[in-house]
Amino acid sequence: MKIFEDYASSWHWILIGLVIAMIMSLLFLVLLRFTAGVLFWIFILGVIGIIGYGIWHCYWEYDHLQGTPGSDLTIYDIGFQTDFRVYLQLRQTWLAFMIILCIVEVIIILMLIFLRNRIRIAIALLQEGSRAIGYIMSTLFYPIITFILIAICISYWAVTAVFLSTSGEPVYKVMANQTLCKYANMTCDPETFNTTNVTKLCLGAQCTFAFYGGESLYHKYILIFQLSNVFVFLWLVNFAIALGQCTLAGAFASYYWAFRKPADIPPCPLFSSFGRAIRYHTGSLAFGSLILAIVQLIRIILEYLDHKLKGTQNSFTRFLLCCLKCCFWCLEKFIKFINRNAYIMIAIYGKNFCTSAKEAFFLLMRNVVRVAVLDKVTDFLLFLGKLLVAGGVGVLAFFFFTHRIPVFTQEAPTLNYYWVPLLTVIIGSYLIAHGFFSVYAMCVDTLFLCFCEDLERNDGSTAKPYYMSASLHRILGKKELSPKKAMG
């Protein structure tokens, strides 16, 4: 009741916090156009500095322990110890730490030296993504449509599951002490139960509802119907996500392939892309969603078997189930990655799913280093953005609710539990930022595939000019103007 009262008195203030989160997310995406490189290099230099400090500290501890009794023993001499502090008294431990940190430091520096051009390309693509979203602002609100479609799918699954669970005749059983009553757990009829001898032989026995069931063929295979319902649910949810990815990819691809930006961008690119996806690509999206749904259903069945056999399985069975779950988890991640890039190729060229998946896979393999660099840079910046949005709004909400800071001449309400609206605002802000940044991630992935296609199809000549922005062209320079050199 107190929690409900807190929500009733603070719901409009929670909405204000979520609106602030939306504004902060938009500002972060806009600022990425100017600060993506700065944020990334600050982070990299910070990591290098922290590791350098760790190397110095390990050397200081190693030198400080010189001459200390027992510090020259090896890890092999003292064996396994549950107290980790014992190892910190050995010079060999700090020497090992220092060597490991030196190796990591050298690897990071070498990667920065040899991958500096690809890192610059990744940052330029991030800035280009921010610019593309600035021209097609409607894409930021498309996740609302995806959310509505998924909500409909969840509602359909829940209603169907309830109808399946409650189908059949109600079964009533005798509830009594099993040691004193031989009729315990036997079926009964609640209308005639009081007239039978059970109440006389078993004092306190009751005829209570147990479950819905029956003896027909339908009731025997009710579990199969429930699994089919789950499979349809997974298929529909994956299709809704695939439709959103293909729609956004089509809109951002129309931005990249516009020779003069923004003059050549078609009007209403998001609406046009949505219409093309519905009219021409429904079968391809459904096929890709079907493959993913099958793998997800197998994972659910494996989890169900693991739960049911947990008390009876031997070590080999546990190992086998663990391996199967791990393999199908990896397979699901791989299929999601392939599907995402296949939908981008479908939105660009309009080919079927298999052809688009094959072309996307080989295109990514020809640019595997760029894929890895772009993926890590994008993940870092977007994760940083989510933390900034959720943390910033959370700090504002904390001071607002605890100090009752007035907004629009109205003080914050007095609450029973301040953590109720505070956690709601933080979680809601994180989800809002995730929705906005998922669009941005799709934009960057689309622009990257278009960029790789642009390098392979064109050579920068008058007959085959590049469609990339001037910043990307400057970064490439003259060394990667030919398609053969662009495949590294």
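Helices are taken as DSSP runs of H or I with at least four residues, numbered from the N terminus. The structure is a predicted model, in which local features need pLDDT of at least 70 and side-chain atom pairs count only at pLDDT 80 or more, while totals for chains, interfaces and linings use all residues. Residues are numbered from 1 along each chain as its sequence is written, and side-chain values use heavy atoms, with hydrogens and water left out.

A nonpolar surface patch of about 970 Å² includes Ile3, Phe383, Trp419 and Ile427; patch members have over 30% relative accessible area and no salt bridge (a side-chain nitrogen of Lys or Arg within 4 Å of a carboxyl oxygen of Asp or Glu), nonpolar side chains being joined within 5 Å. Helix 14 contributes the most to this patch, with five residues.

Aromatic pairs, with ring centres within 6.5 Å and planes classed as stacked under 30 degrees, edge-to-face over 60 and tilted otherwise, number 16. The ring centres of Phe141 and Phe436 lie 6.2 Å apart with planes at 80°, so this pair is edge-to-face. Phe141, in the loop between helix 4 (116–135) and helix 5 (142–165), is thereby linked to Phe436 in helix 14, 295 residues apart. Phe436 is buried (under 20% relative accessible area, 1.4 Å probe, protein chains only), at 6%, whereas Phe141 is partly exposed (between 20% and the over 50% of exposed residues), at 39%.

Ring pairs also join Tyr256, Trp257, Phe259 and Tyr467 into a cluster. The charged end of Arg457 sits over the ring of Trp257, 5.1 Å from its centre, the criterion being CZ of Arg or NZ of Lys within 6 Å of the ring centre and within 35 degrees of the ring normal.

Key. Patches are made of residues with over 30% relative accessible area and no salt bridge: like charges are joined within 9 Å, nonpolar side chains (Val, Leu, Ile, Met, Phe, Trp, Tyr) within 5 Å. Accessible areas come from the Shrake-Rupley method with a 1.4 Å probe; for residues, only the protein chains shown count as cover. Helices (H or I, at least four residues) and strands (E, at least two) are DSSP runs, numbered from the N terminus. Rings of Phe, Tyr and Trp (its six-membered ring) pair if their centres lie within 6.5 Å; planes under 30 degrees apart count as stacked, over 60 as edge-to-face and the rest as tilted.
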